[in-house]
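Trainee: Got a minute to go through this model with me? I'd like to start with one residue and work outwards.

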Amino acid sequence: MDPLSGFFGSLLWWLFFLYLLMWPQLQFRALQAARARIMAQLARKRNSTVIAMIHRQESVGLFGIPVYKFISIEDSEEILRAIRTAPKDKPIDLIVHTPGGLVLAATQIAKALKEHPAETRVIVPHYAMSGGTLIALAADKIIMDPNAVLGPVDPQLGQYPAPSILRAVEKKGPEKVDDQTLILADVAEKAIKQVRDFVYNLLKDKYGEEKAKELAQILTEGRWTHDYPITVDHARELGLHVETDVPEEVYALMELYKQPVKQRGTVEFMPYPVRQESKK
């Protein structure tokens, strides 16, 4: 075998291997750049600081392993830094798409958003559940897609909703449950009160004390399951001020947060043709 041919063959093999190794990362960097361009365009259009917290599965790495995302301490650190460095006299647009996450992290974000001196707006293109709703309640304006949803903010202790723990003890009777369950019920009661008080403090300046108490009670009492979808109409029925003028740039941004590519998609659509071909 020709040594030169063997060298080039080996070189091509290594280049192909490096291509497989680096291509997903290069794609991801290009995706990040596209997202940054759209966010900059939106910031200029709305004269605001634009922040996005979008939790989708990201396919990153050689084998495209999906990473599931929720509101985390890392998120709160990044968003607090963004809010802290934002101009105090300019609005903030926070785009939120999340199933929820840590109460601590969501509380930190909500508090920082509420304390921003200029107008704050949370934009929900699809859903902002649990901690995402908590953050939305902190904003001066909630802007939702007409089909987007919020959710209850009743705290969860492990796999159990805090209100359900209290009801179980109430129905069975404290004398008929073990000490561990009683301790869990005590923690659940404290958790509900803490979140309820926090929601009340977020809302009282905008809605008045009585309405804020009512909303805080409804959203934390376990009236619904934790994944119950609060639609735009339902949110308005509850008394929340919700607008539906989501900027087009937000939808374009969401298109850049696709779920991992599968061999066969589950949803496909064909856009309606804008211009019809002339008949011959």
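Trainee: How about Asn47: buried, exposed or partly exposed?
Mentor: Asn47 is partly exposed, with a relative accessible area of 45%. Keep in mind that this is a predicted model.

Trainee: Where does Asn47 lie?
Mentor: Asn47 is in the loop between H1 and S1.

Trainee: What about its phi?
Mentor: The phi of Asn47 is positive, about 50 degrees, although Asn47 is not a glycine. Most residues other than glycine have a negative phi.

Trainee: Which other residue has a phi near 50 degrees?
Mentor: Ser130 is one, and again this is a residue other than glycine. Ser130 lies in the loop between S6 and H4.

Trainee: Is Ser130 buried or exposed?
Mentor: Ser130 is buried, because its relative accessible area is 13% and the cut-off for buried is under 20%.

Trainee: Back to the first loop. Where is Ser48 found?
Mentor: Ser48 sits in the loop between helix H1 (3-46) and strand S1 (49-54). Ser48 counts as buried, at 10% relative accessibility.

Trainee: What does the side chain of Ser48 join up with?
Mentor: Asp93. The two side chains share a polar contact of 2.6 Å.

Trainee: And which residues is Ser48 in contact with, leaving aside neighbours within four places in sequence?
Mentor: Ala43, Pro91, Ile92, Asp93 and Arg121.

Trainee: Asp93 again. Which residues of S4 are buried on each side?
Mentor: On one side, Ile92, Leu94 and Val96 are buried. On the other, Asp93, Ile95 and His97 are buried. Both faces of S4 are covered. That fits the count: 6 of its 6 residues are buried.

Trainee: Which way do S1 and S4 pair, and over how many bridges?
Mentor: S1 and S4 pair in the parallel sense, over 6 bridges. Met53, for instance, stands opposite Val96 in S4.

Trainee: What actually holds paired strands together?
Mentor: Strands of a sheet pair through backbone hydrogen bonds, either parallel or antiparallel.

Trainee: How many bridges join S4 to S5?
Mentor: There are 4 bridges, and S4 and strand S5 (residues 120-124) run parallel. Ile95 has Ile123 in S5 as its bridge partner.

Trainee: What do S4, H3 and S5 make?
Mentor: A right-handed β-α-β unit, with H3 covering residues 103-115.

Trainee: How far does H3 reach?
Mentor: H3 has 13 residues and reaches 18 Å from its first C-alpha to its last. That is close to the 18 Å expected at 1.5 Å a residue.

Trainee: Which residues of H3 are buried?
Mentor: Ala105, Ala106, Ile109, Ala110, Ala112 and Leu113. They cover an arc of only 165 degrees around the axis, so they are on the same side of H3.

Trainee: And which residues are exposed on the other side of H3?
Mentor: Leu104 and Glu115 are exposed there.

Trainee: What covers the buried residues of H3?
Mentor: The cover includes strands S1, S4 and S5. It also includes helix H2 (73-85), helix H4 (131-138) and helix H6 (179-207).

Trainee: Let's go back to His97. What does His97 touch, not counting residues up to four places away in sequence?
Mentor: Met53, Ile54, His55, Arg56, His126, Tyr127 and Met254. His97 is in strand S4, and its relative accessible area is 3%, so His97 is buried.

Trainee: Tyr127 is new to me. What does Tyr127 stand opposite?
Mentor: Val149 in S8. S6 and S8 run parallel, joined by 2 bridges.

Trainee: What is the strand order in that sheet?
Mentor: S6-S8-S11, an open sheet of 3 strands with mixed pairing. The edge strands are S6 (127-128) and S11 (230-231), and each pairs on one side only.

Trainee: New topic. Where is Val153?
Mentor: Val153 is in the loop between strand S8 (149-150) and strand S9 (156-157). At 7% relative accessibility, Val153 counts as buried.

Trainee: What does Val153 touch further along the chain?
Mentor: Not counting residues up to four places away in sequence, its contacts include Ser130, the loop residue from before. Leu134, Val195 and His226 are also among them.

Trainee: Last one. How many helices and strands are there in the chain?
Mentor: The chain has 9 helices and 12 strands. Buried residues make up 41% of its 280 residues.

Methods: Residues numbered from 1 in each chain as written. Predicted model: local features only at pLDDT ≥ 70, side-chain atom pairs only at ≥ 80, totals over all residues. Heavy atoms only, no water. Buried < 20%, exposed > 50% of the residue type's maximum accessible area, 1.4 Å probe, protein only. Polar contact = N/O pair within 3.5 Å; in protein donor to acceptor, adjacent residues only side chain to side chain. Contact = heavy atoms within 4.5 Å. Pairing = 2+ DSSP bridges. Right-handed = clockwise from strand over helix to strand, strands pointing away. Expected span 1.5 Å × (residues − 1). Arc of directions from axis to C-beta.
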